[in-house]
Amino acid sequence: MEVVGDEFAVWRVHVTPTPTTSPRAAVVLATALGIPVKSATALLKAGPFMVPINQTKEEALELARTLSPSGLKVEPQPVTNPPSIACLTHTKLANNGQCRDCGRWICVVENAQALGMPICEDCFKTFLTRRTFRWVRTTVLLLVLVGVAIWGWNEQQRREERRLWKRPLNIGVFVIVDGDVDRDALDALPNRADEMEDILDAEYRKYGGSMKPFSFVFSEAIALPQPLPELKGDGFFKRVEYTYAMWGFRRAVESKLLRPVEETDSRVYLVVRPAQGKQPRLFEGLAAREGDFGVVEMELAPDTVDLAVITATHEMLHTLGASDHYDPQTGQAIFPQGYADPRNRYPQRYMEIMAHDIPLGEGRARLPSLVGEIRVGSKTAREIGWTQ
């Protein structure tokens, strides 16, 4: 509209809250604009604004006289080219632009309710919902991360505490049968483990220990509940996949036990199968250094019971920090750490527990047949905390 003198102009009232603004100003403003008091309060908090009503000069002066006693600074002003489209929510008020999200016409009241953002009331509610969801999601993720960090720290402390040797360590051995395994061989496992305890006791005392370091606790034999997971590569994601699969396997095993699992410092899952023919017999193991469990696969017969206990002990010591002392390509013990008695290289009478066999000569070796042929070398003793 072209302005031709004040008497023809559209007028509005510019409102500025002041330090002396009365608490009743929101009520007066709400009455004048036909909006809820809550909306008027938000408008006053937003700061200076132009009352979104197109008026004549006389109407603007009257509105100013109504608002002024509340401590508001009011200035009636003529305006040119006022918006002609009303706000879709407050139909008595002129628009102040369009909602940035949905495009509907909105006024300064909705701007104020949306904390100054150019969005309508509905879109602001959606914004708040999304922000709340993001906040909750972020909070939950942070709590999970903090929980995992605390659990990881506690778990690391627990694992490190094992190597302080303030008490004997309880080693859980879970016997898992895959097929028709010789019953006598299964029954012999705990007895041969008792002898292994005595040998490790003697070895620990050789390094200055004064207590029995290990106690092997055998579970009752159970049938293989599901296929044993395989580690198919050294990549990070392959290891994550294997770890998750092993978690499921361990849960399946322990759910089959008739008795609750006692608290253990390390666990060995001994998967045994019927022996197939004569030597060589299958025996494989896998355990993470400083982890909490190891896995052994074994063809079990009466003549391989001791080898099963030896292999389980080897994997258990991995969980305490011991490393392999043999060449993975050849299987031959590495000199000197893989030798039970490195002072006399050949032939060796015993197998160092973290080696693979007993060296007899250059390129010649044999597997141990009795747990009594096992010794703990100085490097292994240092790695598991028996010595400094």
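## Charges and cysteines: worked exercises

Cys87 is buried, at a relative accessible area of 1%, where buried means under 20%, exposed over 50% and partly exposed in between (1.4 Å probe, protein chains only). This is a predicted model, in which local features need pLDDT of at least 70, side-chain atom pairs count only at pLDDT 80 or more, and totals for chains, interfaces and linings use all residues. Residues are numbered from 1 along each chain as its sequence is written, and side-chain values use heavy atoms, with hydrogens and water left out.

**Exercise 1.** Find how many disulfides the whole structure holds, taking a disulfide as a pair of cysteine sulfur atoms within 2.5 Å.

*Solution.* Let's begin with the search.
- Across the whole structure it finds 0 disulfides.
- For Cys87, the nearest cysteine sulfur is that of Cys107, 3.7 Å away, and Cys87 is in no disulfide.
- Cys107 is in no disulfide either, its nearest cysteine sulfur being that of Cys87.
- Cys107 counts as buried, at 0% relative accessibility.

**Exercise 2.** Describe the salt bridge between Lys125 and Glu121 and place both residues in their helix.

*Solution.* Start from the general idea: side chains of opposite charge can pair when their charged atoms come close.
- A salt bridge here is a side-chain nitrogen of Lys or Arg within 4 Å of a carboxyl oxygen of Asp or Glu.
- The closest N and O atoms of Lys125 and Glu121 are 3.8 Å apart.
- Both residues sit in helix H5, and because they are 4 residues apart, about one helical turn separates them. Helices (H or I, at least four residues) and strands (E, at least two) are DSSP runs, numbered from the N terminus.
- Lys125 is partly exposed at 47%, and Glu121 is partly exposed at 31%.

**Exercise 3.** Locate the two partners of the salt bridge between Asp292 and Arg250 along the chain.

*Solution.* Take the contact, then the positions.
- The side chains of Asp292 and Arg250 meet at 3.8 Å, N to O.
- This pair links distant parts of the chain, 42 residues apart: Asp292 is in the loop between strand S8 (283-287) and strand S9 (293-300), and Arg250 is in helix H7 (residues 236-255).
- Arg250 is buried, with a relative accessible area of 18%.

**Exercise 4.** Compile the salt-bridge total, one further pair and a network.

*Solution.* Now for the wider view.
- The structure holds 19 salt bridges.
- One of them joins Glu373 and Arg366 at 2.5 Å, N to O; Glu373 is buried at 12%, whereas Arg366 is partly exposed at 33%.
- Glu161, Arg167 and Asp265 are linked in a network of salt bridges.
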